Amino acid sequence: MEDGRSGVPRPPRRVPAGAGTLTQLEAPTRSSGAQPPPRGPWIFGRILAGLLVLIVIVAGGAGAGWYVRAQSLRIDTAAVLTSAGPAVVRVLATTCAGTGEASGVVIDNGRVLTAASAVDQPKSIIVVAQDGRIRRANLLATSADGVAVLQSIGLNESPLRLPAADPERKAERALVGYTAAGKQVVNAVGSEADPEPLSQFMNAAKLGGPVVGKSGELVGLVTGDTVQASTIVPLSKLRGYVAQAPSGVTVGTLGDCPESRGPQSPIAPVLQVANTPLARETQRVLTNYLTLQNQHEFGKVRAFYSPRFAGALTEAQDRDKHLTSYFFNPRLTDLAPDGSSARMAYNVLFAPTATGADGQNCTRLDTTFYLVRSRGQLVIDRTVKASEPAACDS
(Lines give C-alpha, C1' and ligand atoms only; values in the text may rest on other atoms or scores of the structure.)
Protein backbone atom coordinates (compact mmCIF):
# COMPACT_ATOMS: atom_id res chain seq x y z
CA MET A 1 0.00 0.00 0.00
CA GLU A 2 1.13 3.43 -0.73
CA ASP A 3 0.88 4.64 2.80
CA GLY A 4 3.50 2.20 3.84
CA ARG A 5 1.19 -0.05 5.77
CA SER A 6 1.25 -3.64 5.04
CA GLY A 7 -1.45 -6.32 5.36
CA VAL A 8 -5.12 -6.10 6.31
CA PRO A 9 -6.06 -3.20 8.52
CA ARG A 10 -6.51 -4.08 12.25
CA PRO A 11 -10.05 -3.81 13.53
CA PRO A 12 -10.77 -1.20 16.20
CA ARG A 13 -10.46 -2.21 19.89
CA ARG A 14 -13.79 -3.39 21.21
CA VAL A 15 -15.22 -1.85 24.36
CA PRO A 16 -16.49 -4.55 26.79
CA ALA A 17 -20.22 -4.73 27.11
CA GLY A 18 -21.60 -2.87 30.18
CA ALA A 19 -18.66 -0.55 30.48
CA GLY A 20 -19.65 2.94 31.39
CA THR A 21 -19.12 5.97 29.39
CA LEU A 22 -16.46 8.44 30.33
CA THR A 23 -19.06 10.61 31.85
CA GLN A 24 -19.98 7.85 34.27
CA LEU A 25 -16.49 7.35 35.51
CA GLU A 26 -15.66 8.96 38.87
CA ALA A 27 -12.75 11.26 39.06
CA PRO A 28 -10.15 10.12 41.49
CA THR A 29 -10.47 11.68 44.95
CA ARG A 30 -7.66 13.51 46.62
CA SER A 31 -6.62 12.30 50.00
CA SER A 32 -7.05 14.93 52.73
CA GLY A 33 -5.03 13.12 55.34
CA ALA A 34 -6.11 11.26 58.52
CA GLN A 35 -9.72 11.89 59.83
CA PRO A 36 -10.22 12.96 63.53
CA PRO A 37 -12.01 10.45 65.79
CA PRO A 38 -15.73 11.08 66.58
CA ARG A 39 -16.33 13.70 69.36
CA GLY A 40 -17.16 12.11 72.69
CA PRO A 41 -19.97 13.34 75.04
CA TRP A 42 -19.58 16.76 76.73
CA ILE A 43 -18.26 15.82 80.18
CA PHE A 44 -19.02 19.18 81.88
CA GLY A 45 -22.56 19.17 80.52
CA ARG A 46 -23.14 15.71 81.89
CA ILE A 47 -21.86 16.80 85.29
CA LEU A 48 -24.03 19.94 85.24
CA ALA A 49 -27.13 17.99 84.23
CA GLY A 50 -26.57 15.47 87.00
CA LEU A 51 -26.07 18.26 89.51
CA LEU A 52 -29.36 19.87 88.46
CA VAL A 53 -31.19 16.57 88.83
CA LEU A 54 -29.65 16.12 92.29
CA ILE A 55 -30.72 19.60 93.33
CA VAL A 56 -34.28 18.95 92.16
CA ILE A 57 -34.38 15.66 94.07
CA VAL A 58 -32.94 17.19 97.25
CA ALA A 59 -35.27 20.20 97.03
CA GLY A 60 -38.26 17.95 96.48
CA GLY A 61 -37.30 15.79 99.43
CA ALA A 62 -36.73 18.82 101.62
CA GLY A 63 -40.08 20.27 100.57
CA ALA A 64 -41.84 17.01 101.30
CA GLY A 65 -40.07 16.78 104.66
CA TRP A 66 -41.06 20.34 105.53
CA TYR A 67 -44.67 19.61 104.60
CA VAL A 68 -44.75 16.43 106.67
CA ARG A 69 -43.22 18.23 109.63
CA ALA A 70 -45.61 21.17 109.30
CA GLN A 71 -48.55 18.79 109.23
CA SER A 72 -47.25 17.00 112.32
CA LEU A 73 -47.28 20.32 114.23
CA ARG A 74 -50.80 21.33 113.19
CA ILE A 75 -53.77 20.86 115.52
CA ASP A 76 -57.30 19.73 114.69
CA THR A 77 -59.44 21.75 117.10
CA ALA A 78 -62.55 19.65 116.52
CA ALA A 79 -60.64 16.47 117.36
CA VAL A 80 -59.15 18.13 120.47
CA LEU A 81 -62.60 19.17 121.68
CA THR A 82 -63.81 15.59 121.30
CA SER A 83 -60.86 14.06 123.13
CA ALA A 84 -60.27 16.67 125.85
CA GLY A 85 -63.81 18.04 126.31
CA PRO A 86 -65.03 15.50 128.90
CA ALA A 87 -62.19 16.48 131.26
CA VAL A 88 -62.96 20.22 131.02
CA VAL A 89 -65.44 21.50 133.61
CA ARG A 90 -67.21 24.71 134.41
CA VAL A 91 -66.38 26.25 137.81
CA LEU A 92 -68.94 28.34 139.69
CA ALA A 93 -68.53 29.85 143.13
CA THR A 94 -69.86 32.40 145.57
CA THR A 95 -66.90 34.33 146.94
CA CYS A 96 -65.90 37.36 148.96
CA ALA A 97 -63.48 38.68 146.33
CA GLY A 98 -63.44 36.43 143.23
CA THR A 99 -65.33 36.50 139.97
CA GLY A 100 -67.07 33.23 140.80
CA GLU A 101 -66.81 31.96 137.23
CA ALA A 102 -64.16 30.03 135.31
CA SER A 103 -63.32 26.89 133.37
CA GLY A 104 -61.20 24.10 134.83
CA VAL A 105 -59.59 20.77 134.00
CA VAL A 106 -59.64 17.44 135.82
CA ILE A 107 -56.10 16.13 136.36
CA ASP A 108 -56.42 13.07 138.62
CA ASN A 109 -58.61 11.60 141.37
CA GLY A 110 -61.12 14.41 141.01
CA ARG A 111 -58.57 17.19 141.41
CA VAL A 112 -59.25 20.23 139.22
CA LEU A 113 -56.98 23.07 138.09
CA THR A 114 -58.65 26.43 137.51
CA ALA A 115 -58.03 30.18 137.77
CA ALA A 116 -57.50 31.43 141.32
CA SER A 117 -59.23 34.72 140.39
CA ALA A 118 -62.55 32.86 140.20
CA VAL A 119 -62.35 31.32 143.67
CA ASP A 120 -60.68 34.03 145.73
CA GLN A 121 -61.96 33.68 149.33
CA PRO A 122 -64.73 31.25 148.42
CA LYS A 123 -67.85 30.50 150.45
CA SER A 124 -68.99 27.70 148.11
CA ILE A 125 -67.67 26.05 144.94
CA ILE A 126 -69.14 23.60 142.46
CA VAL A 127 -67.88 22.12 139.20
CA VAL A 128 -70.23 21.35 136.33
CA ALA A 129 -69.26 18.48 134.04
CA GLN A 130 -69.61 18.58 130.27
CA ASP A 131 -72.89 16.64 130.51
CA GLY A 132 -74.34 19.02 133.13
CA ARG A 133 -73.70 16.97 136.29
CA ILE A 134 -72.89 19.13 139.31
CA ARG A 135 -70.42 18.24 142.05
CA ARG A 136 -69.22 20.13 145.10
CA ALA A 137 -65.57 21.15 145.34
CA ASN A 138 -63.17 22.43 147.96
CA LEU A 139 -60.23 24.79 147.52
CA LEU A 140 -56.93 23.03 148.26
CA ALA A 141 -54.21 25.47 147.17
CA THR A 142 -53.29 28.45 145.02
CA SER A 143 -50.10 29.60 143.29
CA ALA A 144 -48.53 33.00 142.82
CA ASP A 145 -49.19 32.90 139.07
CA GLY A 146 -52.93 32.45 139.51
CA VAL A 147 -53.56 28.68 139.49
CA ALA A 148 -56.00 27.18 141.98
CA VAL A 149 -56.18 23.47 142.85
CA LEU A 150 -59.64 22.16 143.77
CA GLN A 151 -60.75 18.79 145.07
CA SER A 152 -64.13 17.82 143.67
CA ILE A 153 -66.41 15.42 145.51
CA GLY A 154 -67.65 12.53 143.41
CA LEU A 155 -66.37 13.70 140.04
CA ASN A 156 -65.03 10.69 138.14
CA GLU A 157 -64.23 12.16 134.73
CA SER A 158 -61.20 10.82 132.84
CA PRO A 159 -58.38 13.31 133.51
CA LEU A 160 -56.10 15.11 131.11
CA ARG A 161 -52.52 13.92 131.44
CA LEU A 162 -49.39 16.01 131.39
CA PRO A 163 -46.91 14.85 128.71
CA ALA A 164 -43.65 13.29 129.89
CA ALA A 165 -41.59 15.60 127.65
CA ASP A 166 -42.10 19.25 126.79
CA PRO A 167 -43.83 19.70 123.40
CA GLU A 168 -42.04 21.34 120.48
CA ARG A 169 -42.13 25.12 120.70
CA LYS A 170 -43.63 25.32 117.21
CA ALA A 171 -46.41 22.78 117.90
CA GLU A 172 -49.87 24.32 117.69
CA ARG A 173 -52.11 24.39 120.79
CA ALA A 174 -55.79 24.95 121.60
CA LEU A 175 -57.76 26.37 124.55
CA VAL A 176 -60.86 24.50 125.70
CA GLY A 177 -63.27 26.43 127.93
CA TYR A 178 -66.81 27.70 128.45
CA THR A 179 -68.80 30.73 127.45
CA ALA A 180 -70.79 32.70 130.02
CA ALA A 181 -73.88 30.78 128.84
CA GLY A 182 -72.21 27.48 129.76
CA LYS A 183 -71.37 26.27 126.24
CA GLN A 184 -68.08 24.41 125.81
CA VAL A 185 -65.91 25.80 122.99
CA VAL A 186 -62.39 25.45 121.60
CA ASN A 187 -60.01 28.09 120.18
CA ALA A 188 -56.64 27.69 118.46
CA VAL A 189 -54.03 29.72 120.38
CA GLY A 190 -50.95 29.25 118.17
CA SER A 191 -47.68 27.74 119.32
CA GLU A 192 -45.35 28.64 122.15
CA ALA A 193 -42.98 30.09 119.55
CA ASP A 194 -45.74 32.00 117.74
CA PRO A 195 -48.71 32.49 120.10
CA GLU A 196 -52.05 34.06 119.21
CA PRO A 197 -53.18 37.05 121.33
CA LEU A 198 -55.54 35.67 123.99
CA SER A 199 -57.57 38.88 123.87
CA GLN A 200 -59.00 37.76 120.51
CA PHE A 201 -61.29 35.17 122.07
CA MET A 202 -61.11 35.39 125.89
CA ASN A 203 -63.95 35.97 128.31
CA ALA A 204 -64.14 35.59 132.08
CA ALA A 205 -65.65 32.12 131.82
CA LYS A 206 -62.64 30.83 129.83
CA LEU A 207 -60.12 31.79 132.53
CA GLY A 208 -58.85 28.55 134.07
CA GLY A 209 -59.31 26.69 130.80
CA PRO A 210 -56.66 24.13 129.79
CA VAL A 211 -54.30 24.64 126.87
CA VAL A 212 -53.91 21.29 125.13
CA GLY A 213 -51.67 19.81 122.48
CA LYS A 214 -52.48 17.85 119.36
CA SER A 215 -53.05 14.60 121.26
CA GLY A 216 -55.19 16.24 123.94
CA GLU A 217 -52.46 16.39 126.58
CA LEU A 218 -52.36 19.26 129.09
CA VAL A 219 -49.59 21.74 128.19
CA GLY A 220 -50.75 24.95 129.90
CA LEU A 221 -53.51 26.76 131.80
CA VAL A 222 -54.97 30.24 131.20
CA THR A 223 -55.04 32.43 134.30
CA GLY A 224 -55.34 36.12 135.14
CA ASP A 225 -57.06 38.51 137.51
CA THR A 226 -58.93 39.94 134.51
CA VAL A 227 -59.54 38.95 130.90
CA GLN A 228 -57.14 41.67 129.74
CA ALA A 229 -54.39 40.29 132.00
CA SER A 230 -54.88 36.67 130.96
CA THR A 231 -51.77 34.60 130.30
CA ILE A 232 -50.79 30.96 129.86
CA VAL A 233 -49.06 29.24 132.77
CA PRO A 234 -46.58 26.82 131.15
CA LEU A 235 -46.30 23.08 131.55
CA SER A 236 -43.08 23.35 133.55
CA LYS A 237 -44.92 25.11 136.40
CA LEU A 238 -48.03 22.94 136.23
CA ARG A 239 -45.89 19.85 136.87
CA GLY A 240 -44.96 21.22 140.29
CA TYR A 241 -48.55 22.08 141.19
CA VAL A 242 -49.97 18.63 140.40
CA ALA A 243 -47.15 16.52 141.85
CA GLN A 244 -47.87 14.15 144.72
CA ALA A 245 -45.81 16.51 146.86
CA PRO A 246 -46.83 19.84 145.27
CA SER A 247 -44.38 22.71 145.02
CA GLY A 248 -45.00 26.40 144.40
CA VAL A 249 -48.48 26.44 145.98
CA THR A 250 -49.90 27.57 149.33
CA VAL A 251 -52.95 26.30 151.19
CA GLY A 252 -56.13 27.99 149.96
CA THR A 253 -58.00 30.39 152.24
CA LEU A 254 -61.78 30.26 152.63
CA GLY A 255 -63.86 33.41 152.75
CA ASP A 256 -65.22 34.68 156.06
CA CYS A 257 -67.40 37.52 154.73
CA PRO A 258 -71.10 37.53 155.68
CA GLU A 259 -72.20 38.33 152.10
CA SER A 260 -70.75 36.61 149.03
CA ARG A 261 -71.55 36.82 145.33
CA GLY A 262 -71.36 34.61 142.28
CA PRO A 263 -70.88 35.75 138.66
CA GLN A 264 -72.44 39.13 137.94
CA SER A 265 -73.34 38.81 134.25
CA PRO A 266 -77.04 38.80 133.24
CA ILE A 267 -78.73 35.41 133.29
CA ALA A 268 -81.86 34.56 131.29
CA PRO A 269 -84.02 31.43 131.55
CA VAL A 270 -83.96 29.18 128.50
CA LEU A 271 -87.39 28.94 126.88
CA GLN A 272 -88.74 25.39 126.92
CA VAL A 273 -92.17 26.64 125.87
CA ALA A 274 -93.40 28.13 122.59
CA ASN A 275 -91.49 31.29 121.69
CA THR A 276 -94.47 33.66 121.76
CA PRO A 277 -94.58 37.38 122.65
CA LEU A 278 -96.04 36.44 126.03
CA ALA A 279 -93.25 33.92 126.64
CA ARG A 280 -90.61 36.52 125.78
CA GLU A 281 -92.25 39.08 128.10
CA THR A 282 -92.29 36.52 130.91
CA GLN A 283 -88.66 35.64 130.15
CA ARG A 284 -87.67 39.33 130.53
CA VAL A 285 -89.37 39.59 133.93
CA LEU A 286 -87.62 36.48 135.23
CA THR A 287 -84.30 37.57 133.69
CA ASN A 288 -84.45 40.82 135.65
CA TYR A 289 -85.43 38.97 138.81
CA LEU A 290 -82.55 36.45 138.59
CA THR A 291 -79.91 38.97 137.48
CA LEU A 292 -80.70 41.53 140.19
CA GLN A 293 -80.85 38.82 142.86
CA ASN A 294 -77.40 37.57 141.76
CA GLN A 295 -76.07 41.12 141.88
CA HIS A 296 -77.66 41.57 145.33
CA GLU A 297 -79.57 44.62 144.11
CA PHE A 298 -82.40 43.86 146.51
CA GLY A 299 -83.87 47.36 146.26
CA LYS A 300 -83.97 47.37 142.45
CA VAL A 301 -85.53 43.93 142.13
CA ARG A 302 -88.64 45.21 143.92
CA ALA A 303 -89.63 47.02 140.73
CA PHE A 304 -90.59 43.58 139.41
CA TYR A 305 -92.77 42.72 142.43
CA SER A 306 -96.47 43.48 142.65
CA PRO A 307 -97.53 45.83 145.47
CA ARG A 308 -98.93 42.82 147.34
CA PHE A 309 -95.72 40.80 147.01
CA ALA A 310 -93.52 43.78 147.93
CA GLY A 311 -95.63 44.25 151.05
CA ALA A 312 -95.28 40.60 152.03
CA LEU A 313 -91.50 40.44 151.45
CA THR A 314 -89.45 43.34 152.72
CA GLU A 315 -86.07 44.28 151.25
CA ALA A 316 -84.35 43.22 154.49
CA GLN A 317 -86.02 39.81 154.35
CA ASP A 318 -85.00 39.39 150.71
CA ARG A 319 -81.42 40.23 151.60
CA ASP A 320 -81.29 37.86 154.56
CA LYS A 321 -82.56 35.00 152.40
CA HIS A 322 -80.03 35.55 149.62
CA LEU A 323 -76.85 36.88 151.24
CA THR A 324 -74.73 34.11 149.71
CA SER A 325 -76.99 32.95 146.86
CA TYR A 326 -76.26 32.61 143.16
CA PHE A 327 -78.96 31.42 140.72
CA PHE A 328 -77.92 29.58 137.55
CA ASN A 329 -79.10 27.28 134.78
CA PRO A 330 -82.72 28.54 134.72
CA ARG A 331 -85.31 26.99 132.36
CA LEU A 332 -88.83 28.26 131.74
CA THR A 333 -90.70 24.95 131.58
CA ASP A 334 -94.38 25.96 131.57
CA LEU A 335 -96.49 29.07 130.94
CA ALA A 336 -100.24 29.57 131.45
CA PRO A 337 -102.01 30.63 128.22
CA ASP A 338 -103.09 33.91 129.85
CA GLY A 339 -99.64 34.53 131.43
CA SER A 340 -101.01 34.24 134.97
CA SER A 341 -98.29 31.78 135.99
CA ALA A 342 -94.90 30.55 134.84
CA ARG A 343 -92.96 27.53 136.06
CA MET A 344 -89.18 27.78 136.24
CA ALA A 345 -86.59 25.16 137.18
CA TYR A 346 -83.21 26.51 138.29
CA ASN A 347 -80.27 25.90 140.62
CA VAL A 348 -79.09 28.00 143.52
CA LEU A 349 -75.56 27.99 144.96
CA PHE A 350 -75.04 29.16 148.55
CA ALA A 351 -72.68 28.88 151.51
CA PRO A 352 -72.93 25.57 153.43
CA THR A 353 -73.22 27.64 156.61
CA ALA A 354 -76.25 29.60 155.36
CA THR A 355 -79.52 29.29 157.26
CA GLY A 356 -81.20 26.04 156.32
CA ALA A 357 -78.24 24.83 154.21
CA ASP A 358 -77.58 21.78 156.39
CA GLY A 359 -74.03 21.56 155.06
CA GLN A 360 -75.13 21.52 151.42
CA ASN A 361 -74.12 24.24 148.98
CA CYS A 362 -76.34 23.74 145.91
CA THR A 363 -80.06 23.02 145.50
CA ARG A 364 -82.32 22.38 142.51
CA LEU A 365 -85.48 24.46 142.72
CA ASP A 366 -88.74 24.12 140.82
CA THR A 367 -90.97 27.14 141.39
CA THR A 368 -94.25 28.49 140.05
CA PHE A 369 -94.23 32.27 139.72
CA TYR A 370 -97.72 33.78 139.74
CA LEU A 371 -97.81 36.92 137.61
CA VAL A 372 -100.10 39.95 137.38
CA ARG A 373 -100.04 43.25 135.54
CA SER A 374 -99.27 46.42 137.44
CA ARG A 375 -99.25 49.73 135.55
CA GLY A 376 -99.28 47.69 132.34
CA GLN A 377 -96.16 45.72 133.32
CA LEU A 378 -96.01 42.00 134.07
CA VAL A 379 -94.73 41.50 137.65
CA ILE A 380 -94.32 38.73 140.22
CA ASP A 381 -97.24 38.47 142.64
CA ARG A 382 -96.20 35.38 144.62
CA THR A 383 -94.17 32.17 144.38
CA VAL A 384 -95.03 28.56 145.24
CA LYS A 385 -92.94 25.38 145.20
CA ALA A 386 -93.86 23.26 142.18
CA SER A 387 -91.86 20.31 143.53
CA GLU A 388 -89.62 19.63 146.50
CA PRO A 389 -86.05 20.99 146.36
CA ALA A 390 -83.26 18.47 145.77
CA ALA A 391 -79.49 18.60 146.13
CA CYS A 392 -77.77 19.56 142.87
CA ASP A 393 -75.44 16.56 143.00
CA SER A 394 -78.17 14.00 143.69
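1. In this predicted model, residues 24 or more positions apart account for 60% of the contacts in the protein chain that have a separation of 6 or more. The chain itself holds 6 helices and 18 strands.

2. As to burial and surface, buried residues make up 42% of the 394 residues in the protein chain, while the area that the chain exposes comes to about 21900 Å², with carbon and sulfur atoms supplying 55% of that area.

3. A search of the whole structure finds 2 disulfides, and, when the bonded cysteines are counted along the chain, they follow the pattern 1-2, 3-4. The two links are taken in turn below.

4. C96 and C257 form a disulfide in which the sulfur atoms lie 1.8 Å apart, and the link is left-handed, with -90° about the S-S bond. Since C96 sits in the loop between β1 (88-95) and β2 (101-108), and C257 in the loop between β12 (249-251) and β13 (270-271), the pair ties together parts that are 161 residues apart in sequence.

5. Are the two cysteines of this link, C96 and C257, buried or partly exposed? C96 has a relative accessible area of 26% and is therefore partly exposed, whereas C257, at 15% relative accessibility, counts as buried because the cut-off for burial is under 20%.

6. C362 and C392 form a disulfide with their sulfur atoms 2.0 Å apart. The torsion about the S-S bond of C362 and C392 is about -65°, and the disulfide is therefore left-handed. C362 belongs to strand β16, and C392 to the segment after β18 (390-391), so that this pair ties together parts that are 30 residues apart in sequence.

7. Both ends of the C362 and C392 link fall under the 20% limit for burial: C362 counts as buried at 3% relative accessibility, and C392 counts as buried at 2%.

8. Strand β16, which contains C362, covers residues 362-374 and is joined by 8 bridges to strand β17, residues 377-385, the two strands running antiparallel. Which residue in β17 is the bridge partner of S374? The partner is Q377.

9. β16 and β17 form a hairpin with 2 residues between them, and R375, which lies in the turn, has a positive phi of about 55°. A colleague following the backbone here would thus pass from S374, bridged to Q377, through the turn that holds R375, and into β17, whose residues are 377-385.

Conventions. Residues are numbered from 1 along each chain as its sequence is written. This is a predicted model: local features need pLDDT of at least 70, side-chain atom pairs count only at pLDDT 80 or more; totals for chains, interfaces and linings use all residues. Side-chain values use heavy atoms; hydrogens and water are left out. Helices (H or I, at least four residues) and strands (E, at least two) are DSSP runs, numbered from the N terminus. Buried means under 20% relative accessible area, exposed over 50%, partly exposed in between (1.4 Å probe, protein chains only). Contact means heavy atoms within 4.5 Å. Accessible areas come from the Shrake-Rupley method with a 1.4 Å probe; for residues, only the protein chains shown count as cover. Two strands pair if DSSP finds at least two bridges between them. A disulfide is a pair of cysteine sulfur atoms within 2.5 Å.
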